[in-house]
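This briefing covers helix packing in one structure. The points below are grouped by helix.

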Number of protein chains: 2
Amino acid sequence: MQELKIYNSLTKKKELFKPIIPNHVGLYVCGPTVYSDVHLGNVRTFVSFDVVYRYLKFIGYNVRYVRNITDVGHLLNDADSGEDKIAKQAKLLNLEPMEVVQHYTNGFRDVMSKYNNISPSIEPTATGHIVEQIEMVQEILDEGFAYVSNGSVYFDVEKYNLSHNYGKLSGRKIEDLLSNTRELDGQEEKRNPLDFAIWKKADDSHIMKWNSPWGEGFPGWHLECSVMSTKYLGEKFDIHGGGMDLKFPHHECEIAQNVGAGNGDPVNYWMHGNMLTVNGQKMSKSAGNGFTPEQLATGDHPLLDKGYSEMVVRFFMLQSHYTSTLDFSNEALKGSEKGFEKMLKAYETLKTLVSSKESSVNIDDLKNRCYEAMNDDFNTPILIAHLFDGVKMINNVKDGRDTISGQDLALLNEIFDGFLVNVLGIKIETENNQSVDLSNDIMNMVLEIRNQAKQDKNYQLADEIRNRLTEINITIKDSKEGTSWELN
Amino acid sequence: MQELKIYNSLTKKKELFKPIIPNHVGLYVCGPTVYSDVHLGNVRTFVSFDVVYRYLKFIGYNVRYVRNITDVGHLLNDADSGEDKIAKQAKLLNLEPMEVVQHYTNGFRDVMSKYNNISPSIEPTATGHIVEQIEMVQEILDEGFAYVSNGSVYFDVEKYNLSHNYGKLSGRKIEDLLSNTRELDGQEEKRNPLDFAIWKKADDSHIMKWNSPWGEGFPGWHLECSVMSTKYLGEKFDIHGGGMDLKFPHHECEIAQNVGAGNGDPVNYWMHGNMLTVNGQKMSKSAGNGFTPEQLATGDHPLLDKGYSEMVVRFFMLQSHYTSTLDFSNEALKGSEKGFEKMLKAYETLKTLVSSKESSVNIDDLKNRCYEAMNDDFNTPILIAHLFDGVKMINNVKDGRDTISGQDLALLNEIFDGFLVNVLGIKIETENNQSVDLSNDIMNMVLEIRNQAKQDKNYQLADEIRNRLTEINITIKDSKEGTSWELN
């Protein structure tokens with residue numbers, strides 16, 4: 001097994017990864033809230049953890065990857081007051097909340113598939129685990145870390161902090177948090193403004209609600225991840241991922257809930273993906289710089305010069321390390337697109353390379369560097385840089401400036417199929433479809449007619465064919481092996 | 001609104017459809033059990049109800065279409081004993097049951113998408129409604145139509161039948177059912193062999209289980225549909241669909257549960273799709289004639305001469321009425337494939353037709369006949385026959401044997417876009433992709449060179465081009481408007 005190092009947000013150190021059960025990894029990633037189109041920042045997070053999942057499997061781990069769907073319980077403001085986000089949207093559209101949920105869940109799956117993200121092993125929903133959530137609320141109550149107030153149940157942060165460290169993940173101090181708290185609606189039910197709802201009483205107008213020992217209500221948002229990670233990965237598991245914005249309060253509360261329920265500290269390695277910016281500014285709807293994945297694909301947004309395919313955007317995202325911010329700009333995207341096309345062209349060339357007796361290129365070294373990059377906290381930008389070294393080798397071998405042995409050629413294929421296709425998840429659009437075959441057939445015929453014309457000394461026709469092909473952006477190249485063609 | 005007639009399995013009559021709320025339809029269809037690949041018979045059922053959903057929307061109804069996913073509770077044998085199917089499969093694979101569920105749910109969604117079935121408005125899961133199922137069990141107990149026995153809860157069929165009619169949907173008599181009952185394991189818990197579990201006690205080895213007022217257990221299979229249809233469509237809703245094999249006991253039990261919980265008779269129109277046969281025999285794995293949707297697509301099964309695209313199979317399925325059995329044979333499939341290609345070719349031709357001043361064809365009549373067919377209990381085979389009349393018109397207009405006015409041409413387009421694409425859900429593969437454009441560009445050049453050769457009286461070159469195109473299956477046709485080409 002490779003020696004993999006992971007930056008652990010909890011210890012703030014790069015640590016050697018040691019799984020709890022040899023060869024197995026439990027991976028939990030906070031998924032989307034399905035009350036609106038998926039945010040591009042979330043897409044980046046899910047691409048980052050898709051590569052984590054892919055690499056863990058690639059180096060031989062048996063991974064159970066759980067990514068939840070939040071279909072209830074995400075409140076409108078941090079103070080836990082206000083309506084459930086999904087119910088509110090449903091009322092506006094006059095729909096059943098689960099119809100809204102279905103609509104946006106379908107949209108989310110569609111985007112994930114276009115970005116070539118592998119489906120997680122389990123995609124559990126919050127509404128699918130109401131029984132288990134009620135049970136965990138009861139456990140936390142039994143342990144004395146929560147209290148019932150007016151039909152809601154709140155986690156008692158101050159009491160918890162007497163014996164445990166609330167803030168250990170985010171590095172926040174409870175005193176600072178307290179002094180920064182504003183008084184907001186609904187706070188009167190709490191003993192302490194930092195307390196958060198783990199079960200929330202539903203009023204009559206609330207559509208999504210369930211019976212519980214504390215009356216009709218719905219689970220607090222933070223609770224579902226504690227419940228579902230415990231159910232599917234156990235009380236202690238290997239890796240928990242999510243966007244950096246979830247570190248506080250969401251993940252901090254998750255730890256508190258698991259510990260408060262008597263299950264102990266849940267996670268060995270916390271991983272957080274960084275944010276997106278647009279032309280240097282935070283992406284947000286209100287700032288008018290928040291384009292959707294679909295707008296990015298079509299280019300249909302004032303800030304975009306053109307559209308970019310999902311694979312180009314994926315490649316672009318992976319050219320930054322997941323712990324760095326990633327800035328979207330037309331220039332940067334166009335640059336990635338160029339690199340992406342160069343990479344894909346080299347991949348195609350690789351499949352047609354001819355080996356020699358000896359190699360003048362060092363493929364073993366390239367392979368080692370690729371592993372080293374990924375073993376260093378999934379460093380995809382470095383990996384991509386190494387793959388571009390491979391691109392150079394491919395083109396040199398093709399042009400006769402370098403040679404490659406049969407064994408090395410097989411290894412080079414293995415590297416590109418392994419790291420570009422499998423690990424980075426770049427989908428190589430197959431050119432073997434019928435239409436391309438058709439173009440090839442017709443073009444072969446055209447080139448034969450042109451060669452015949454040249455043999456017949458009908459240079460006028462031969463030149464006309466070349467000129468007309470140029471008009472439709474096809475270049476033909478004559479060489480001693482024959483004539484080849486390519487699209488410009 | 002169209003006058004739609006539906007064959008109601010409950011009354012065994014074709015009835016005029018009247019929705020409970022004007023302009024709105026609540027439609028519930030029993031979905032798949034996701035513990036194995038989806039059966040082709042189920043695919044047919046879902047295609048049939050996809051067309052029902054599409055047509056109801058097409059004629060202006062606002063439809064809420066609920067199709068559940070059974071991810072727990074479907075027992076291995078009818079006697080309600082034995083293990084839950086999903087848990088059993090999970091143990092064999094040494095997987096978490098929900099991992100099995102996720103795998104087959106993904107596969108199911110993939111098949112549905114390939115068959116161009118529209119996603120339902122809501123796709124609720126059985127595990128997502130444990131709270132609601134426990135509540136309905138309690139309601140049935142409270143009404144006196146169920147009893148607790150050794151940690152399980154059974155529906156009391158005999159008692160229910162004293163005041164209601166158990167068997168009204170399937171036409172079975174309780175006396176006959178009783179005399180046909182075999183003694184099976186687990187029957188000793190029941191008062192009567194016809195009683196069915198609505199909550200089943202789970203032993204220690206059972207993985208999928210939840211706490212309930214009757215101890216740890218899981219819901220009976222029949223229960224989820226009663227619960228989810230009530231939750232999302234109300235106690236009384238318009239249409240309930242499913243395969244004919246579900247009529248008894250599943251749907252019979254559903255009615256009993258809804259009535260037994262005090263909610264009244266749930267459904268106005270029961271619709272049942274008929275079964276698949278293969279070469280005249282029931283399709284089943286044990287008979288060796290059960291090919292999967294994937295095998296049907298690739299042709300990779302001893303009984304299949306070749307593969308058929310999902311759109312061809314969809315077309316083939318819709319060439320039978322949903323209440324008729326449908327027999328799969330190579331001959332029948334090949335026949336449908338031919339018809340399908342003819343239909344698609346005509347659809348393409350339609351888009352290039354030129355109108356005249358007057359029509360020699362009656363498009364209004366064609367339109368009326370299409371509506372009549374669908375209004376007659378969704379008679380898709382008749383609709384397709386009418387569309388083939390349209391195909392004849394299209395080809396006649398193209399060849400100059402008939403003429404069509406501008407207004408009629410617009411209407412004819414409306415009919416094909418409406419009934420073929422929207423209602424029947426036939427996906428027209430767009431030919432506007434880049435590769436096809438490329439082939440067009442090259443072919444246009446080739447044809448120009450050939451025309452130039454003819455003008456230059458270089459008939460040798462002109463003929464050679466024609467012959468070489470024939471070799472790659474391209475036919476060119478010379479006419480006074482110019483030269484066109486097509487793939488054979």
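In chain A of this predicted model, helix α4 (residues 130-142) packs with helix α7 (residues 221-233) at an angle of about 105°, and their axes are 9 Å apart. The points below add the residues involved, then turn to chain B.

**Helices α4 and α7 of chain A**
- Angles of 65 to 115 degrees count as roughly perpendicular, so α4(A) and α7(A) are roughly perpendicular to each other.
- From α4(A), the residues A:Glu132, A:Gln133 and A:Met136 meet A:Leu223, A:Glu224, A:Ser226, A:Val227 and A:Lys231 of α7(A).
- The contact of α4(A) with α7(A) has 3 charged, 3 nonpolar and 2 polar residues.

**Helices α1 and α14 of chain B**
- Helix α1 (residues 40-58) and helix α14 (residues 406-423) of chain B cross at roughly 145°, and their axes come within 10 Å.
- B:Gly418, B:Asn422 and B:Val423 in α14(B) are met by B:Val51, B:Arg54, B:Tyr55 and B:Phe58 in α1(B).
- The residues of this contact between α1(B) and α14(B) are 4 nonpolar, 2 polar and 1 charged.

**Helix α12 of chain B**
- Helix α12 (residues 363-375) of chain B has 13 residues and reaches 18 Å from first to last C-alpha, close to the 18 Å expected at 1.5 Å a residue.
- Buried in α12(B) are B:Ile363, B:Cys370, B:Tyr371, B:Ala373 and B:Met374.
- These buried residues cover an arc of only 160° around the axis, which puts them on the same side of α12(B).
- The buried residues of α12(B) pack against α1, α13 (380-398) and α14 of chain B.
- Exposed residues B:Asp364, B:Asp365 and B:Asn368 lie on the face of α12(B) turned away from its buried side.
- B:Asp377, just after α12(B), takes a positive phi of about 55°.

Conventions
Residues numbered from 1 in each chain as written. Chains lettered and ligands numbered in written order. Predicted model: local features only at pLDDT ≥ 70, side-chain atom pairs only at ≥ 80, totals over all residues. Axes fitted to C-alpha atoms, helices over the stretch in contact; angles between N-to-C directions. Helix = DSSP H or I, 4+ residues; strand = E, 2+ residues; numbered from the N terminus. Contact = placed C-beta atoms within 7 Å. Nonpolar A, V, L, I, M, F, W, Y, C, P; charged D, E, K, R; others polar. Parallel < 35°, antiparallel > 145°, perpendicular 65-115°, else oblique. Expected span 1.5 Å × (residues − 1). Buried ≥ 20, exposed ≤ 12 C-beta atoms within 10 Å, placed from the backbone. Arc of directions from axis to C-beta.
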